[in-house]
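Biologist: Please take me through one part of this model in detail. I would like the salt bridges, and then their surroundings.

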Amino acid sequence: MLWGEVRKREPALASRLAQEIRDWWREGRLRPLEATAFDFARLPEALAALAQRRTRGKAILTMSPMSPTERAGSSSLA
């Protein structure tokens, strides 16, 4: 059963399990992999890292805020 179904069908169980996971994390018994973040401008590098299995955890693409000059020059997505 997926987590969303557990939350829908048995909310008390889902709450208890979520608290248990948080407790394990606080106690150091659970150490999730840290994500590797790439700015969107580095998309080719991010894809290469994924293909070569050089990432740990999730690979996340971030969007840097555009400067006012960049915003003014980008009137379309094309």
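Modeller: Here are the salt bridges, followed by the surface patch and the fold around them. The model is predicted: local features need pLDDT of at least 70, side-chain atom pairs count only at pLDDT 80 or more, and totals for chains, interfaces and linings use all residues. Residues are numbered from 1 along each chain as its sequence is written, and side-chain values use heavy atoms, with hydrogens and water left out.

Side chains of opposite charge can pair when their charged atoms come close. A salt bridge here is a side-chain nitrogen of Lys or Arg within 4 Å of a carboxyl oxygen of Asp or Glu. The whole structure holds five of them.

Start in helix α1, residues 3-9. Helices are DSSP runs of H or I with at least four residues, strands are runs of E with at least two, and both are numbered from the N terminus. K8 bridges to E5 at 3.1 Å, N to O. The two sit three residues apart in α1, about one turn of the helix. K8 is exposed at 60% relative accessible area, while E5 is partly exposed at 25%. Buried means under 20%, exposed over 50%, and partly exposed in between (1.4 Å probe, protein chains only). R9 joins E5 and K8 in a network of salt bridges.

Helix α2 has a pair as well. R26 bridges to D23, with the closest N and O atoms 3.4 Å apart. They are three residues apart in α2, so about one helical turn separates them. R26 is exposed at 56%; D23 is partly exposed at 29%.

Helix α2 spans residues 11-27 and also carries W25. W25 counts as exposed, at 54% relative accessibility. I21, W24, W25 and L30 make a nonpolar surface patch of about 390 Å². Patch residues have over 30% relative accessible area and no salt bridge; like charges are joined within 9 Å, nonpolar side chains (Val, Leu, Ile, Met, Phe, Trp, Tyr) within 5 Å. Areas come from the Shrake-Rupley method with a 1.4 Å probe, and for residues only the protein chains shown count as cover.

One more pair: R42 bridges to E45, closest N and O atoms 2.8 Å apart. R42 is partly exposed at 34%, and so is E45 at 38%.

Now the fold. The chain runs α-α-β-α-β-α. Strand β1 (residues 36-39) pairs with strand β2 (residues 59-62) in the parallel sense over four bridges. Strands pair if DSSP finds at least two bridges between them. Of the 78 residues, 8% count as buried.
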